[in-house]
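Subject: Structure handover

Hello,

Here is the structure for you to look over. My notes follow below it.

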Amino acid sequence: MNPAWSYQGNPALGKAGAAWFLVSKHAKVDDPLQHPGTGLIAFASFGFSPETPAVFEVPRFLFGRDDRGSWLTVAYQAHAPTPELAASLRAEALAWRDAAKASRQPPRTPIPVHAPKQTGRTAYEENVAAAVAAIQAGEAQKIVMARRVEYSLKGEPDPQEISSRLAELLGEKYPSCWIFSIGGLVGATPEMLLEARDNRAHARVLAGTASPGENINLLESRKNLHEHEVAVASVTEPLDALEVELQTAGPYLLNLPNLTHLATDVSLVIPPHKTLFYLLEAIHPTAAVGGLPRRAAVEFIKSHEPSRGRYAGPVGWVDARGGGQLALALRCAQVEKRSLVAWAGAGIMADSDPETEFAETEAKLAPIRDCLEID
Ligand SMILES: C=C(O[C@@H]1C=C(C(=O)O)C=C[C@H]1O)C(=O)O
């Protein structure tokens, strides 16, 4: 279904924010509920780097639900909106909802795929060794290296159905994570880049990981604590430079079904007349997915990895009141016509071991792998 509004091209986050500000300012919004998720909403998924085209759009119809109830939002563009037009769109939306309810309850059974042709293990371990060498040579302090794994889908897949099924399965298996499905990128992420409501925002920074069977106490591991500190500083330092008032709480242990992370919460006050996008542009990519210094790490990533697409980019939704949630697109896969492309990465420091880092990416692929039936 065509969106009511979409941003074309590959915007820098600040530009996307400016476009959204204009749309929000000029839109006529009738929203009797006025709570998070109601009113004018856009779904957004940006690339890890600005060369990747973003998906940023207002759906024509949106069915929302929270613990207070459910609602329907209809969005449209018209020069001279009339009550008749609104009524006919509402009728169309309800018919669409009923048809969707009747036809497709995605089965909650694993998605059949072929085993990947290659794990990419050797290439990944070589990349990690190269990153360690670059760090030891003083080119950077931390570089996050990621790998992509492609599963081909069996049978005659319907990408829309695969996306809904993957989102359902992830929601069931990873209830404490943020589930997203935007433009075929589907995942269950534990990391919140920035969520905003009124003039307050909040981030959850993750870095430092213990995989199952790895017998370490992250809160006593110098390597992991240092890796974590670097990631937290990559969020707080740019915000301090913008004179944003902030507080941090952490590190603490975040236990997930597949692994444990070191986590720090950052709370901040959004400066007057500034938006979520303005702050995002200052911190993305954080050292949780890029590295330190940011520019050197991103250059290294670009010269050693294929394009990450929208993996490790901001993903979520924004409203017209300056609120929203933009998480980091991790633990996710891009659904293509005949394949599913999953990504996972790990933060590399001077003393990282390629085999251990590979094992960590395997653990980070678990959420996607848990939803597949691999032959
Ligand atoms: C890069 C990923 O995860 C990030 C890297 C982490 C680490 O290296 O310890 C931990 C959490 C995430 O910030 C990923 O899941 O692909």
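UniProt annotations may be inferred rather than shown by experiment, and their positions are given here in the numbering used for this chain. With that in mind, the UniProt record, an unreviewed entry, lists residues 122-364 as "domain: Chorismate-utilising enzyme C-terminal". Over residues 122-364 the chain is 33% helix and 35% strand. The end C-alpha atoms of that stretch are 18 Å apart.

Confidence

This is a predicted model. The average pLDDT of the chain is 93. A score of at least 70 is reached by 99% of the residues. For the complex, the predictor gives an ipTM of 0.99 and a pTM of 0.95. Where pLDDT is low, the predicted coordinates should not be read in detail.

The ligand

Which residues are closest to the ligand? They are Leu-206, Thr-209, Ala-288, Gly-345 and Gly-347, out of 17 residues that surround the ligand. Three elements give two or more residues each to this shell: β7 (142-152), β11 and β18 (339-348). By class, the shell holds nine nonpolar, five polar and three charged residues.

The nine-stranded sheet

Nine strands form an open, antiparallel sheet. Their order is β1-β3-β2-β15-β16-β10-β11-β13-β12. Why do β1 (5-6) and β12 each have one side without a neighbour in the sheet? Both stand at the edges, each with a single partner strand, so one side of each is left open in that sense.

Helix α6 (residues 276-283) packs on this sheet. The helix touches β10, β11, β15 (314-319) and β16. Its direction makes about 160° with that of β10.

Some pairings in this sheet:

- β10 (residues 192-197) and β16 (residues 324-328) run antiparallel and are joined by four bridges. Leu-194 has Leu-326 as its bridge partner in β16.
- β11 (residues 200-210) and β13 (residues 260-269) are antiparallel too, with nine bridges. Arg-200 faces Val-269 across that pair.
- β12 (residues 246-255) pairs with β13 over eight bridges, again antiparallel. Here Asn-255 stands opposite Thr-260. A hairpin of four residues links β12 to β13.

In a regular strand the side chains alternate between the two faces of the sheet. That is worth holding in mind when you look at β11, one of the elements that give two or more residues to the ligand shell.

The six-stranded sheet

Six strands form another open sheet, ordered β8-β9-β17-β18-β7-β14. The pairing is antiparallel. β8 (178-182) and β14 are the edge strands; each has a single partner, so one side of each lacks a neighbour in the sheet.

Within this sheet, three bridges join β9 (residues 185-189) to β17 (residues 332-335), and the two run antiparallel. Leu-185 is opposite Gln-334 in β17.

Which strands does helix α3 (residues 121-136) lie across? The answer is β7 and β18, with α3 running at about 170° to β7. Helix α8 (residues 354-364) also lies across β7 and β18, at about 135° to β18. Both of these strands belong to the list of elements that give two or more residues to the ligand shell.

A separate pairing to note

β4 (residues 61-66) and β5 (residues 69-74) pair in the antiparallel sense over six bridges. They form a hairpin with two residues between them. Phe-61 stands opposite Val-74.

Backbone points to check in your setup

- His-284 and Pro-285 are joined by a cis peptide bond, with omega about -5°. Pro-285 is in the loop between α6 and β14 (291-292).
- The peptide bond from Leu-292 to Pro-293 is cis as well, with omega near -10°. Pro-293 is in the loop between β14 and α7 (294-304).
- Glu-243 is not a glycine, yet has a positive phi of about 60°. Glu-243 sits in the loop between α5 (222-241) and β12.

Best wishes

Terms used:
Residues numbered from 1 in each chain as written. Predicted model: local features only at pLDDT ≥ 70, side-chain atom pairs only at ≥ 80, totals over all residues. Pairing = 2+ DSSP bridges. Near = placed C-beta within 6 Å. Nonpolar A, V, L, I, M, F, W, Y, C, P; charged D, E, K, R; others polar. pLDDT = per-residue confidence, 0-100. Contact = placed C-beta atoms within 7 Å. Axes fitted to C-alpha atoms, helices over the stretch in contact; angles between N-to-C directions.
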